[in-house]
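Please go through the fold shown here, its sheet, its helix contacts and its backbone outliers. Each point should be reasoned from the geometry.

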Amino acid sequence: MIGQLIRHTKVFSCSSHPSLASSIASSLSCPLVPVNLGTFSNGETKIAPLSSVGHGEHCIVVQSAQTNDQLMETLLTIQACKQVPGTFVSAVLPWLPYTRSDKTEGRNYPIGSRLVCNMLEGAGADHVVTVDLHSPQIEGFFSIPFSHLQTTALLAGELKGRDVVLVSPDAGAMKKVSALSELTGLPFALIHKERCPESGGISRMTLVGDVRGRGAVIIDDMADTCGTILKAAQLLVDQGGAASVEAVLTHGILSGGAVTAIEREDCLTSTCVSNSLSQTSNMNLCRKLSTFDITGLILQELTKFPC
């Protein structure tokens, strides 16, 4: 059915990550259409009519929404594409917003990620593509085709053969670290993290495993303020005796003073994040920050849909 409907592909670039949208369009040899965005006087988001959308086309909407406004841009763009009969819309959101709100925290707590999934479907998305979800259970919130891409094999190719110890900074990252260890043959260690019930801050961290005299590589799916990553790095150096510590993270949110802290703290030698989120301005501020490219992962998935 999809193959009968889709004749041409266009990539629509929302505001958050034009370089990723451009790379996808270039690799697919298809037109890149910047979405003309604006705001009404009361702050509501508006987009200009997408006159370039043709009947039966495959519309790829690219956005890594970090703000509520960017999420709204995504929804409006998807809906605009669906106004044309027969279109098939793939929403490419390498960073899916609200993934940390994946379960109830108690009575009357909302589940933000489920609401986002419902909104994407309601806007008309036919297919959603994302990378390294913070919580895999979010896949179950969708009733449309959902592609959860993982960077494990990509990272294994980069890490294999190095003399390092893989480190999980908390229990949540252990599954990925274990999979990487199996693919690369590298040893791994775990940091057990306890949080203060009142403040939610980290109250204690305990290293399980041996990193003494070796390079340690912290693996995680995301870093926001980098509080956990930096405390883990300090623990690995001070108590574990690691020769050096670097961090490899999929989503570099890097909010607040995270970039400044990465640059300032000597315990962390380098930090490598994917290009799921634009890092251009951050890299200008931090010499220890670099990126790895996930465009190929996304392209492999998009090319499964006939154009």
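The questions and answers below concern a predicted model.

Q: In what order do the strands of the open sheet of 6 strands run?
A: Strands of a sheet pair through backbone hydrogen bonds, either parallel or antiparallel. In this sheet the pairing is parallel. Neighbouring strands are turned by 20° against each other on average, with direction ignored. The order is β2-β1-β5-β6-β7-β8.

Q: Which are the edge strands of this sheet?
A: An edge strand pairs on one side only. In the order β2-β1-β5-β6-β7-β8, β2 and β8 stand at the ends. The edge strands are therefore β2 (32–34) and β8 (146–149).

Q: How many bridges join β6 to β7, and which residue of β7 stands opposite Ser-90?
A: β6 covers residues 88–92 and β7 covers residues 127–131, and the two run parallel. The number of bridges joining them is 3. The residue of β7 opposite Ser-90 is His-127.

Q: Over how many bridges do β7 and β8 pair, and what stands opposite Val-131?
A: β7 and β8 pair in the parallel sense. The pairing extends over 4 bridges. Opposite Val-131, in β8, is Leu-149.

Q: Are the residues Phe-146, Ser-147, His-148 and Leu-149 of β8 buried or exposed?
A: Phe-146 and His-148 point one way from β8, while Ser-147 and Leu-149 point the other way. Buried means under 20% relative accessible area. On both sides of β8, these residues are buried.

Q: Which strands does α10 lie across, and at what angle does α10 run to β8?
A: Helix α10 comprises residues 295–302. The strands that α10 lies across are β5 (58–62), β6, β7 and β8. Its angle to β8 is about 150°.

Q: Are α2 and α10 parallel, perpendicular or oblique to each other?
A: Two packed helices are described by the angle between their axes and the distance between the axes. The axes of α2 (residues 18–28) and α10 come within 10 Å and cross at roughly 50°. Angles under 35 degrees count as roughly parallel, and 65 to 115 as roughly perpendicular. The crossing angle falls in neither range, so α2 and α10 are oblique.

Q: What is the handedness of the crossing of α2 with α10, and how do the contact residues divide?
A: α2 passes α10 in a right-handed crossing. Leu-20, Ser-23, Ile-24, Ser-27 and Leu-28 in α2 meet Thr-295, Ile-298, Leu-299 and Leu-302 in α10. These residues divide into 6 nonpolar, 3 polar and no charged.

Q: Why do α3 and α4 count as roughly parallel, and how do their contact residues divide?
A: The axes of α3 (residues 68–82) and α4 come within 8 Å and cross at roughly 25°. Angles under 35 degrees count as roughly parallel, and therefore this pair does too. Among the contact residues are Leu-71, Leu-75 and Ile-78 of α3 and Val-116, Met-119 and Leu-120 of α4. The contact divides into 7 nonpolar, 2 polar and 1 charged.

Q: Where is Tyr-98, and what is its phi?
A: Most residues other than glycine have a negative phi, and most peptide bonds are trans. Tyr-98 lies in the loop between β6 and α4 (112–123). At 40% relative accessibility, Tyr-98 counts as partly exposed. Its phi is positive, near 70°.

Q: Does Asp-132 count as buried or exposed?
A: Asp-132 is in the loop between β7 and β8. Its phi is near 45°, a positive value in a residue other than glycine. Because its relative accessibility is 6%, Asp-132 counts as buried.

Key
Residues are numbered from 1 along each chain as its sequence is written. This is a predicted model: local features need pLDDT of at least 70, side-chain atom pairs count only at pLDDT 80 or more; totals for chains, interfaces and linings use all residues. Side-chain values use heavy atoms; hydrogens and water are left out. Axes are lines fitted to C-alpha atoms, for helices over the stretch in contact, and angles run from 0 to 180 degrees between N-to-C directions. Angles under 35 degrees count as roughly parallel, over 145 as roughly antiparallel, 65 to 115 as roughly perpendicular and the rest as oblique. A crossing is left-handed if the near helix is turned anticlockwise from the far one by less than a right angle, and right-handed if clockwise. Contact means heavy atoms within 4.5 Å. Ala, Val, Leu, Ile, Met, Phe, Trp, Tyr, Cys and Pro count as nonpolar, Asp, Glu, Lys and Arg as charged, and the others, Gly among them, as polar. Buried means under 20% relative accessible area, exposed over 50%, partly exposed in between (1.4 Å probe, protein chains only).
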